[in-house]
Amino acid sequence: MQFPQTVDNNKNNERKDENNNTENEVACQGPSNEIQEVESVESTMHNNELDSGLFIMVFFLDTILREDPALCPLQLKENERMKYLNKGYAFFQNKDSNFKSSKRMFKSQNRYYLVKYFQKVMNNGEKCDQKWLMFSESTGCIFCYVYKLFSTDYDNVFVKSDFYNWKKTKQTIFGHKNSKEHIQCMIKWIEFIKQNTHVDEYMVCQIKREFNYWSAILSRIVAVIRFLAGRDLAFRGHNDVIGSSNNGNYLGMLELLTQFDPVLKQHIDTFANKGKGNVNNEELIDIMSQKVLTHIITEIKEVKYWGIIVDSTPDISHVDQLSVIFRCYLNGHMYERVFFCFLQIKSHDGKSFITDILLLERYDIDITNCRGQAYNNASNMSGKYSGLQARLKERSELAFYIPCTGHSLNLVGQCSVSECINSINYFGVLQSLYSFFVASTHRWDLLKGNHATLKRLSDTRWSCRSDASKSLVENFDGIHAALCQIAEDTE
């Protein structure tokens, strides 16, 4: 730095002469302490200038390195995470790169990462920025911004710099974006930017709008599934085509709702009959059934003591299943949880049944808390020594057995009638009369023309015999008239 001169030229010349004489004398005598101090200060300043330059260079290089996500530590400390969050996603994306480092050879063909992957084109043509994607110029790989900051899955390809399969870029990015872990990391990121007022309004609004849209669609789908499943109605038809009259109850109900619901109408108009996929609601049904099952288990644990009813029957695919029903007293009411579960059985003896019943312990249900059991009167169920009720009592002594009263009444009625020849003949004639009219549509029309009807008997329900006898008494004249018309018919 230069200072202004404040003395005249004469005085300056005199001082120069004196200084020259003094310097000559000092040079002869050798260097003084003052000169050594000056040289020391100059050397220190020179070293400081070098250190300062190195510091600036290192800081500059460090800033460059931070733009590369591959150089980010695998496990971030909290202070490091805050620095990367405050920098923002755009700092690490490297969208302006030439992507030459992403070159990969696939079967003699070079493939590169493309800048278009930073955007996703929606079905309606709208383009959305995928701001969580980052490109590393040093490795030629891509990373996930939120996953790298918030996830603990350090082996993930979007964290570990292992993803460079450009042949399946779209599919992998789409799968990662819709993964549960990625969504959780996105939520954490949004919460951070809200708390720190660094709110990216566009992204927050976009995620919120998409979340509300799919929540609305899902609520309508779940309502339709609950309606059909609660009434035991079939879901599928002959095809899965929207607009077809044979697409089943599920799609048919959704089409019906579109007449009154503009949200669902817009969704179906946009996505219906697109692609090659099939309608798949089994996963939602399974999730809902697991939710119901969990609720029933919670109730059973809350009441602690319960009763059980089981019975076996083959399904439409000829698989023999044991249906399990729980009865419990909760909040002043008796509840019967119908069809808690179905257990596939291989044998009908008591030993096999108790083995299947003990499988309920996998639901954390304590068999010793059973206080009642009700089955039919078959020997494999009611047997005193080897029946199911006896084997369950070995596990829970207070599980009292109560035989099915309806089955008991039916057995009593059948045994009583089988001992009386008049009763056997009467019910035989009654069943033959019903079979005679049912075998011909012409005869049944004659019966209906006389305002009469008949009912069939049942081997398992005794009350049907009472209904059949009552029908015969009330329609006796009409039945007699129909029989006379058939007898007189010469044709």
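Begin by selecting R465 and F427: R465 lies over the face of F427, at 5.3 Å from the ring centre. The model on the screen is predicted.

**From R465 to its surroundings**

Keep R465 displayed and add S458. Leaving aside residues up to four places away in sequence, S458 touches C464 and R465. To place S458 along the chain, colour the helices: S458 belongs to the loop between α18 (441-449) and α19 (463-474). Is S458 buried or exposed? With a relative accessibility of 12%, S458 counts as buried, because buried means under 20% relative accessible area.

A second arginine may now be selected, together with its ring. R443 lies over the face of F436, and here the distance from the ring centre is 4.3 Å.

**The aromatic rings**

Next, show the aromatic side chains. How many aromatic pairs does the structure hold? There are 19 aromatic pairs. Select Y113 and F118 as an example: their ring centres are 5.6 Å apart and their planes stand at 85°, so this pair is edge-to-face. Y113 and F118 are both buried.

Then move to Y213 and W214. The centres of these two rings are 5.2 Å apart and the planes meet at 80°, so the pair is likewise described as edge-to-face. Y213 counts as partly exposed, at 25% relative accessibility. W214 also counts as partly exposed, with a relative accessibility of 41%.

Return to Y113 and F118 and add F99, Y117, F135 and W166 to the selection. Ring pairs link these residues, Y113 and F118 included, into a cluster.

**The cysteines**

Select the cysteines. How many disulfides does a search of the whole structure find? The search finds 0 disulfides. Two residues to inspect are C128 and C370. C128 counts as buried at 5% relative accessibility, and C370 is buried with a relative accessible area of 0%.

**The β7 and β8 hairpin**

Finally, select residues 306-314, which are strand β7, and residues 320-330, which are strand β8. The two strands pair in the antiparallel sense over 8 bridges. For one of the partnerships, display I309 and look across to β8, where its bridge partner is I325.

β7 and β8 form a hairpin with 5 residues between them. In the turn, select H318, which has a positive phi of about 65°.

What surrounds β8? Of its 11 residues, 8 are buried, so strand β8 is largely enclosed by the rest of the structure.

Definitions and conventions:
Residues are numbered from 1 along each chain as its sequence is written. This is a predicted model: local features need pLDDT of at least 70, side-chain atom pairs count only at pLDDT 80 or more; totals for chains, interfaces and linings use all residues. Side-chain values use heavy atoms; hydrogens and water are left out. Rings of Phe, Tyr and Trp (its six-membered ring) pair if their centres lie within 6.5 Å; planes under 30 degrees apart count as stacked, over 60 as edge-to-face and the rest as tilted. Buried means under 20% relative accessible area, exposed over 50%, partly exposed in between (1.4 Å probe, protein chains only). A charge sits over a ring if NZ of Lys or CZ of Arg is within 6 Å of the ring centre and within 35 degrees of the ring normal. A disulfide is a pair of cysteine sulfur atoms within 2.5 Å. Helices (H or I, at least four residues) and strands (E, at least two) are DSSP runs, numbered from the N terminus. Contact means heavy atoms within 4.5 Å. Two strands pair if DSSP finds at least two bridges between them.
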